[in-house]
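Colleague: I am new to this structure and would like a close look at a single part of it. Could you walk me through the aromatic pairs?

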Amino acid sequence: MSEKIASVNVGCSNSKKLKWFAWGTGGLIVFIGLLVLVVFLILHPSKPSFNLEDVTVYQFNVSKVPPYAINIIMQVTLSSRNPNSRIGVEYQPLHVYATYRDQQITMAYLLPPTYQGHKEPVVWSPPLTGYDMPISPYSQQSLDQDWHAGVVLMNIKLQGDVKWKVGTWISPKYHLYVHCPANIRFGDLSNGGPNLIKGQPVDHCDVEIAS
C-alpha cells in the first residue's frame, strides 16, 4: 500500500514539474517577444523612400477600332533607400506594372526577394510589356487625345509585402504600395508610333505601408 502511495506522489511531483516547465518556457517566450516589440517601437522604423529614375518606351501602339487594346514595350528604373540606421528591410516578391487612368496596361513583372540593409539603396530595372492589353472606350479616347497632344501621363506601380528586421527578429508582413507618376512625351507621331521615347518622372513616388 505504501508503495502505491509513493508512486502516486512521484507521479504528481513529475506532473507539477512539467507544468512549471511549460509555464516557464511560455513566459520566457512571451517576455522575449515583448522585449523585441518594445525595442522595435522605440526604434520606430521609417518607411523606405522610392524614386522613379528612368522610363524608356520602345514601342507604343493603340488600336483604333473595338475591341480597344494597347501594345507597349518599356523599361523602368526604380530606386529605394532605407532611411533607418538600425532596422533592415526585407522585400518579399514585389510586382511592378504600368497603368493609365487606373487601368493596367502592362503585365506585372515579379521582382525577386531583396534584403535592404541599414541606410542602403536598392535599384531595380524591370522590363514591362503589354500585348493586346484591353482598355475601355473612354480610356482609348483619352489616350488617343493625350497621345496626339504629345504627352501621356502613366503611373508605375509597385506592390507586395515587406518585413522589418532587427537583429535576428523579423516582423510580420506589411503591405507595400508605391505609386510613381511619369509623363511620356512622344513628340513627332507622323511615322505612326514612337521608336524610342524617354519618360520624365513627375514627382517623388508615393509610398504607403499598411498592416
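Modeller: Happy to; here is a tour of the aromatic rings. This is a predicted model, where local features need pLDDT of at least 70, side-chain atom pairs count only at pLDDT 80 or more, and totals for chains, interfaces and linings use all residues. Residues are numbered from 1 along each chain as its sequence is written, and side-chain values use heavy atoms, leaving out hydrogens and water.

Searching the whole structure turns up four aromatic pairs (rings of Phe, Tyr and Trp, the last by its six-membered ring, with centres within 6.5 Å; planes under 30 degrees apart are stacked, over 60 edge-to-face, the rest tilted). One of them joins F60 and W147: their ring centres are 5.8 Å apart and the planes meet at 70 degrees, so this pair is edge-to-face. Because F60 belongs to strand 1 (residues 49-62) and W147 to helix 2 (residues 137-149), the pair ties together parts 87 residues apart in sequence (helices are DSSP runs of H or I with at least four residues, strands runs of E with at least two, numbered from the N terminus). F60 is buried, at a relative accessible area of 1%, and W147 is buried too, at 5% (buried means under 20% relative accessible area, exposed over 50%, partly exposed in between, with a 1.4 Å probe and protein chains only).

Next come Y91 and W124, with centres 5.6 Å apart and planes at 85 degrees, so they are also edge-to-face. Y91 sits in strand 3 (residues 88-100) and W124 in strand 7 (residues 121-124), so the pair links distant parts of the chain, 33 residues apart. Both residues, Y91 and W124, are buried, and together with F50 they form one aromatic cluster.
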